[in-house]
Protein chains: 2
Amino acid sequence: MTYCCGILVREGLVMIADTRTNAGLDNVSTFRKLHVFKQPGERIMAIASSGNLSLSQSVVSTMIEGIENKDTGERETLMNAPTMFQAAQRIGRVVRQLHELEGSALEASEVKFDVSFLFGGQIKGERMRLFMVYSAGNFIECTTDTPYLQIGEHKYGKPVLDRAVTYGVDLYDALKIGLISMDSTMRSNLGVGMPIDILVARRDVCDAELSYRIEPGEPYFHDLRERWSAALRAAHNAIPRPPYAGAS
Amino acid sequence: MTYCCGILVREGLVMIADTRTNAGLDNVSTFRKLHVFKQPGERIMAIASSGNLSLSQSVVSTMIEGIENKDTGERETLMNAPTMFQAAQRIGRVVRQLHELEGSALEASEVKFDVSFLFGGQIKGERMRLFMVYSAGNFIECTTDTPYLQIGEHKYGKPVLDRAVTYGVDLYDALKIGLISMDSTMRSNLGVGMPIDILVARRDVCDAELSYRIEPGEPYFHDLRERWSAALRAAHNAIPRPPYAGAS
């Protein structure tokens, strides 16, 4: 399992990904799922992946090596994509090529072709964007109405995002809320686990302002988990008991 | 979709069910999913159901009409079950009979045989019990370690139960936490909706202490939703921003 979320607010982009992979409960490992590509001042891009690890790694490797465009002869990579939109299209194309190549073999082994991506960033001169690419290679873009996207185990961590994230929140508040969302998910799904990789990119800087791995026991995240738990306990304690009385 | 939860604490049993059913997003209705059976002072039983409505209604109707036991000739209903355990077994048997009868016809129409139940209550002289019956007719029982069970859309409402419900909480605090859990679920899944049916049964009374329907706009539940939202906002506002700084 996996949980990744991307939050795109006025001030910039936050991307958060866990690192747990598992093939069954008895085979658990740590793999990086958040990959950052940058040419400081020119472009910052990040991919977070969910689903079958062999598929997501293949897509990322292919996007680094590039795929040949038969019309132009150009080797198309993420780093030479002219726009964020075209970069997202390239990821979708690689996903589709991979499906053609491996889909039937996987199906024959009853492995579902399951892979999805968050892809966010900014190229100099363009606006900052965040996309979610599905396993069919199609994709959607994050907008200001709902300024976040999630992949993987999205349900446990969605309520806090829905309540707390708006386009106008401070960039590091967005990171904080994303970490609370990650905490809620980790508490309820053992398939999502530490360490946690985070990226913060401020709008129009075209570089990573923060690219960091939160390891188990890291003091701030530990404190955030404790405070959130205590606040939730206080929150339901403060609500009066139901006044209903009498059986019907 | 559906969300039902049952909470079994030291003082008694709480059962909560929404009433929304839908066949696609364009066909939404209200149906009671929480059914209470009682003989005050002797036995109190309640079934909450999730899954295909035709299946869950068939099971409940059959448990009222009874099924003939070929060995004894007796008509076995919920109300004449000697113990809660045997009552749960009867529900499981009816689910299996229904699967034999209708499973292949449903499958031919690509309808999944999907139905599950929470079944709780107490028979005089026995302890209070709470079960979850699966669509294969097997069932599990709630214990003091995790004093709740859920069916339907369980993920959104699970974190608050995990954090707040223990076997020792006050009976009406359990109801309150169950209602917060229902609120979280309704906010995130349109397939779960009001009105909400609730049952509270105090241990060893063998009757419903409260059997009530919360209608849309009901003041206490409205206030609970507002307070919970405000408390969550305050909770994440009170957590300091992440101290991480500097790109790596």
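How many residues does the contact take from chain B and from chain A? In this predicted model, 52 residues come from chain B and 52 residues from chain A.

Together the two chains bury about 4,400 Å², and 60% of that area lies on carbon and sulfur atoms. B:Arg163, B:Ile239 and B:Tyr244 account for 20% of the area that chain B buries against chain A, more than any other three residues.

**Symmetry**

A turn of 180 degrees with a shift of 0.0 Å along the axis lays chain B on chain A, with an RMSD of 0.0 Å. This is therefore the relation of a two-fold axis. B:Tyr156 has the C-alpha nearest the axis in chain B, 2.7 Å from it. Both copies use the same surface, as 100% of the contact residues of chain B recur in chain A.

**The H5 pair**

Helix H5 (residues 219-238) of chain A meets helix H5 (residues 219-238) of chain B, their axes coming within 9 Å and crossing at roughly 155 degrees. Angles over 145 degrees count as roughly antiparallel, so H5(A) is roughly antiparallel to H5(B). The crossing of H5(A) past H5(B) is right-handed. By class, this helix contact has 10 nonpolar, two polar and two charged residues.

The table lists the residues that each helix brings to the contact.

| Helix | Residues in the contact |
|---|---|
| H5(A) | A:Arg227, A:Trp228, A:Ala231, A:Leu232, A:Ala235, A:His236 and A:Ala238 |
| H5(B) | B:Arg227, B:Trp228, B:Ala231, B:Leu232, B:Ala235, B:His236 and B:Ala238 |

Methods. Residues are numbered from 1 along each chain as its sequence is written. Chains are lettered from A and ligands numbered from 1 in the order in which they are written. This is a predicted model: local features need pLDDT of at least 70, side-chain atom pairs count only at pLDDT 80 or more; totals for chains, interfaces and linings use all residues. Side-chain values use heavy atoms; hydrogens and water are left out. Axes are lines fitted to C-alpha atoms, for helices over the stretch in contact, and angles run from 0 to 180 degrees between N-to-C directions. Helices (H or I, at least four residues) and strands (E, at least two) are DSSP runs, numbered from the N terminus. Angles under 35 degrees count as roughly parallel, over 145 as roughly antiparallel, 65 to 115 as roughly perpendicular and the rest as oblique. A crossing is left-handed if the near helix is turned anticlockwise from the far one by less than a right angle, and right-handed if clockwise. Contact means heavy atoms within 4.5 Å. Ala, Val, Leu, Ile, Met, Phe, Trp, Tyr, Cys and Pro count as nonpolar, Asp, Glu, Lys and Arg as charged, and the others, Gly among them, as polar. Copies are superposed by least squares on the C-alpha atoms of residues with pLDDT of at least 70 in both. Buried area is the accessible area (1.4 Å probe) that two parts lose on being put together, summed over both.
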